[in-house]
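Student: I would like to go through this model and ask what lies behind the labels used for it. Where shall we start?

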Amino acid sequence: MRLLNELDRKDSTDVGRELHRFAAELYPICRSITGDGIRRTLAMIQERIPLQISEVPSGTPVFDWTVPQEWNIRDAYIKDSSGKRIVDFRQCNLHVLNYSTPVRATMPLRELRPHLFTLPDYPDWIPYRTSYYEANWGFCMANNQMLALRDDDYEVCIESTLENGHLTYGECYLPGHSTDEVLISCHACHPSLANDNLSGVTVATALAEFLSKRDLRYSYRFLFIPGTIGAITWLARNQETVGRVRHGLVLTGIGDASAFHYKKSRRGNAEIDQAMTHVLQHANPSSQILEFSPYGYDERQYCSPGFNLPVGCLMRSIWGTFPEYHTSADNLDFIKPAQLAESLRTCAAVLDVLENNRRYRNLNPYCEPQLGKRDLYRSTGGKAIGVEISARLWVLSLCDGERSLLDVAQRSGLPFSAINDAAELLRENGLLSVAPEGATGRTCEATNNGRSLVRQSHS
Ligand SMILES: [Zn+2]
């Protein structure tokens, strides 16, 4: 099945606009790692794709961590002595230190100051700050606004609750012919931040919606989770079955104008690493491939040594390195419809490779088969052969039952689609057969507690 051909039938301008529209719907919600913000977000995703929502009680141990208390917020402000709201959560949810404990007090500026967070380098932007695992309260504001505060008594109010409740995450499972899975994960725990969270959420939702109508080789599992603690919680609850994950991608920061950055899995040579590298090299040559590092997004958890899943991370701007990161400038203007659409297309292109990447065997390996008599070669000799003929020759030369089509594409320098088309045509003409899967010992190296989770392919 050719996913990309089907996606390309849609108008990419419309696709981009729709992705951006969905981001705009989700943008105002005050999300956090727990609470009603992420619940409402998941409910809106559920209107588009089948989503199973899990609620995990506070206090549940998950590996070395514990599911935290649930945080919710109704209102927050700082009022000056005239009663005017000078900082207002209702205007921008970034104004509150995420996970702030409740507070209601009146205090002079000197006492308030240690609870104010600003960005002196970008004096008009509001920073995004959190305090999930240490009780604290605070407000985030523009540095220029803070500098303009006069000596006064300020009324501070944070109407939040932090109590035993649940951690909520959403899971969309799309069954394919094989029980082997492709895992697509994105965090959905940031408040009004567009690139860092909503770009991944909207593209993952659209990808799931697109795949849900298709006949698939692999089964697909989409996770919409709070960052770090959500991935840890999901892994703790699925430790027994996680070995089904053959390929995985974390999607984040894929709506801005930067070129793509793909961070490889910890394995460094997984099929997903190879597939993403190939797709980006051909379609987006300005992209950069990064080696794995144990910091970043939830690939840290999926790739932790006990699991070592083949999960990479697709980004445009790299987290923490662009000025808008974790500020009010990561807004709906920072993400662009065209870039969102291109990111969706890149994901579909990679899945297209994974869905079609097989090993074949040349059934006529003793000298070249005569392609001309099968009408598979140009009839008159010329100077150069085209991509189509070249792809057929490469496939016949390299398909020995060991190498995959992706290996052939990489070695030949030709796009995967040309190699795949050639393989299909040669197979139809009786010159190629599919090698049995598992013959080359594809395994998942995930182990934990000394117990192996090695699985052979089921397809
Ligand atoms: Zn973030």
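Tutor: With the pocket lining, keeping in mind that the model is predicted. Helix H10 gives ten residues to the lining of the largest pocket, the largest share.

Student: Which other helices supply at least two residues of that lining?

Tutor: Helix H1 (3–7), helix H2 (12–26), helix H8 (271–283) and helix H13 (416–428) each do so, as does H10. The lining has 28 residues, and those nearest the pocket centre are Leu4, Asp8, Ala283, Arg345 and Ala349. The volume of this pocket is about 550 Å³.

Student: What is the make-up of the lining by class?

Tutor: Twelve residues are nonpolar, nine polar and seven charged.

Student: What makes His190, Asp196 and His326 the donors of the zinc ion?

Tutor: Donor atoms must lie within 2.8 Å of this metal. NE2 of His190, OD of Asp196 and NE2 of His326 coordinate the zinc ion at 2.0 to 2.1 Å, so they meet the cut-off. Along the chain, the donors have the spacing H-x5-D-x129-H. Asp196 belongs to helix H6 (residues 194–211), while His326 is in the loop between strand E16 (311–315) and helix H10 (337–356); the pair therefore ties together parts 130 residues apart in sequence.

Student: Why is Asp196 called buried?

Tutor: Buried means under 20% relative accessible area. Asp196 has 1% relative accessibility, so the label applies.

Student: And why does His326 count as buried?

Tutor: The relative accessibility of His326 is 18%. That value falls under the 20% cut-off, so His326 is buried.

Notes
Residues are numbered from 1 along each chain as its sequence is written. This is a predicted model: local features need pLDDT of at least 70, side-chain atom pairs count only at pLDDT 80 or more; totals for chains, interfaces and linings use all residues. Side-chain values use heavy atoms; hydrogens and water are left out. Donors are N, O and S atoms within 2.8 Å of the metal (3.2 Å for Na, K and Ca); water is not among the atoms, so sites may look incomplete. Helices (H or I, at least four residues) and strands (E, at least two) are DSSP runs, numbered from the N terminus. Buried means under 20% relative accessible area, exposed over 50%, partly exposed in between (1.4 Å probe, protein chains only). On a 1 Å grid over the protein atoms alone, a cavity is a set of points where a 1.4 Å probe fits but cannot get out, and a pocket is an open set with protein on both sides within 12 Å along at least five of seven lines; lining residues have an atom within 4 Å of a point. Grid points are joined across faces, edges and corners, and a volume is the space filled by probe spheres set on the points. Ala, Val, Leu, Ile, Met, Phe, Trp, Tyr, Cys and Pro count as nonpolar, Asp, Glu, Lys and Arg as charged, and the others, Gly among them, as polar.
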